[in-house]
Amino acid sequence: MKELKIKKCLTCGNVVAFLDDKGGKLVCCNEPMIEVKANTVDASFEKHIPNYEINGDKIKVYVNHVMEPEHYIEWIMIKTEKETRVFYFRPGDEPVCEVPYSSNMIIYSYCNLHGLWSKNIG
Ligand SMILES: [Fe+2]
């Protein structure tokens, strides 16, 4: 399955995910947006990588990360062959969500300081 392409504006912090990438250049704040690659920031892998538990026909996705006002998981995204779901979090929330399980999923987490992390589930 194809990974989602995600870009960020280094000026204002806007983050966008492509629904359909046709190759055009994305510009924000008059600068080209930068592609965000998962698992490339030098930070604790264990505290950022999304984890999961499969319970029957459901999958619970969670991140073992602090949820403080200045440092927290902003969202978890779950991509399957047929859909993409995003769950947003605020400081103090528990970064956990649950969706129907299907084979061949990619789960993502996004830390406001340490960027994008992902795991493929076969
Ligand atoms: Fe972090």
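This is a chat about a predicted model with an iron site and several antiparallel sheets.

Biologist: Let's start with the metal. Which residues coordinate the iron ion?

Modeller: His48, His65 and His71 each use NE2, Cys111 uses SG, and His114 uses ND1. The distances run from 2.1 to 2.4 Å.

Biologist: And what spacing do the donors follow along the chain?

Modeller: The pattern is H-x16-H-x5-H-x39-C-x2-H. Take His71 and His114 as a pair: they link distant parts of the chain, 43 residues apart. His71 sits in the loop between β7 (58-62) and β8 (73-79), while His114 sits in the loop between β11 (105-111) and β12 (115-121).

Biologist: Is His71 buried or exposed?

Modeller: His71 is buried, because its relative accessible area is 17%, and the cut-off for buried is under 20%.

Biologist: OK, on to the sheets. What's the strand order in the four-stranded one?

Modeller: β9-β8-β11-β12, an open sheet with antiparallel pairing. β9 (84-88) and β12 are the edge strands; each has a single partner, so one side of each has no neighbour in the sheet. From one strand to the next, the twist averages 15°.

Biologist: How many bridges join β8 to β9?

Modeller: Five, with the two strands running antiparallel. If you want a pair to look at, Trp75 has Tyr88 in β9 as its bridge partner.

Biologist: What about the three-stranded sheet, what order does that have?

Modeller: That one goes β2-β1-β5, again open and antiparallel. Here β2 (15-17) and β5 (34-35) are at the edges, each with a single partner strand, so one side of each is left without a neighbour in the sheet. Strand β1 (residues 6-8) is joined to β2 by three bridges, and Lys7 stands opposite Val16 in β2.

Biologist: Then there's the β6 and β7 hairpin. How many bridges does that pairing have?

Modeller: Five, in the antiparallel sense. Glu53 has Lys60 in β7 as its bridge partner. Two residues lie between the strands, and Gly56 in this hairpin takes a positive phi near 65°.

Biologist: Which residues have a positive phi although they are not glycine?

Modeller: Cys29 is one, with a phi of about 50°. Cys29 is in the loop between β3 (27-28) and β4, and counts as partly exposed at 39% relative accessibility. Asn39 is another, with a phi of about 60°. Asn39 lies in the loop between β5 and α1 (45-48) and is partly exposed too, at 33% relative accessibility.

Biologist: Switching to the surface. What makes the nonpolar patch?

Modeller: Tyr52, Ile54 and Tyr101 make it, and the patch covers about 240 Å². Tyr52 is in strand β6 (residues 51-55). With a relative accessible area of 33%, Tyr52 is partly exposed, and residues need over 30% to go into a patch.

Biologist: How many salt bridges does the structure hold?

Modeller: Five. One of them joins Asp20 and Lys22, with the closest N and O atoms 3.3 Å apart.

Biologist: Are those two buried or exposed?

Modeller: Asp20 counts as exposed at 53% relative accessibility, and Lys22 counts as exposed at 72%.

Biologist: Which residue forms a salt bridge with Glu35?

Modeller: Lys37, with the closest N and O atoms 3.6 Å apart. Glu35 is partly exposed, with a relative accessible area of 35%.

Biologist: And which residue does Glu83 meet in a salt bridge?

Modeller: Arg85, at 3.4 Å from N to O. Glu83 is partly exposed at 38% relative accessible area, and Arg85 counts as partly exposed at 31%.

Biologist: Why can side chains like that pair at all?

Modeller: Opposite charges can pair when the charged atoms come close.

Biologist: Last one. How far apart are Pro32 and Cys97 in space?

Modeller: They are 33 Å apart, C-alpha to C-alpha, and 65 residues apart in sequence. Pro32 lies in strand β4 (residues 31-32) and is partly exposed, with a relative accessible area of 41%.

Conventions
Residues are numbered from 1 along each chain as its sequence is written. This is a predicted model: local features need pLDDT of at least 70, side-chain atom pairs count only at pLDDT 80 or more; totals for chains, interfaces and linings use all residues. Side-chain values use heavy atoms; hydrogens and water are left out. Donors are N, O and S atoms within 2.8 Å of the metal (3.2 Å for Na, K and Ca); water is not among the atoms, so sites may look incomplete. Buried means under 20% relative accessible area, exposed over 50%, partly exposed in between (1.4 Å probe, protein chains only). Patches are made of residues with over 30% relative accessible area and no salt bridge: like charges are joined within 9 Å, nonpolar side chains (Val, Leu, Ile, Met, Phe, Trp, Tyr) within 5 Å. Accessible areas come from the Shrake-Rupley method with a 1.4 Å probe; for residues, only the protein chains shown count as cover. A salt bridge is a side-chain nitrogen of Lys or Arg within 4 Å of a carboxyl oxygen of Asp or Glu. Two strands pair if DSSP finds at least two bridges between them. Axes are lines fitted to C-alpha atoms, for helices over the stretch in contact, and angles run from 0 to 180 degrees between N-to-C directions.
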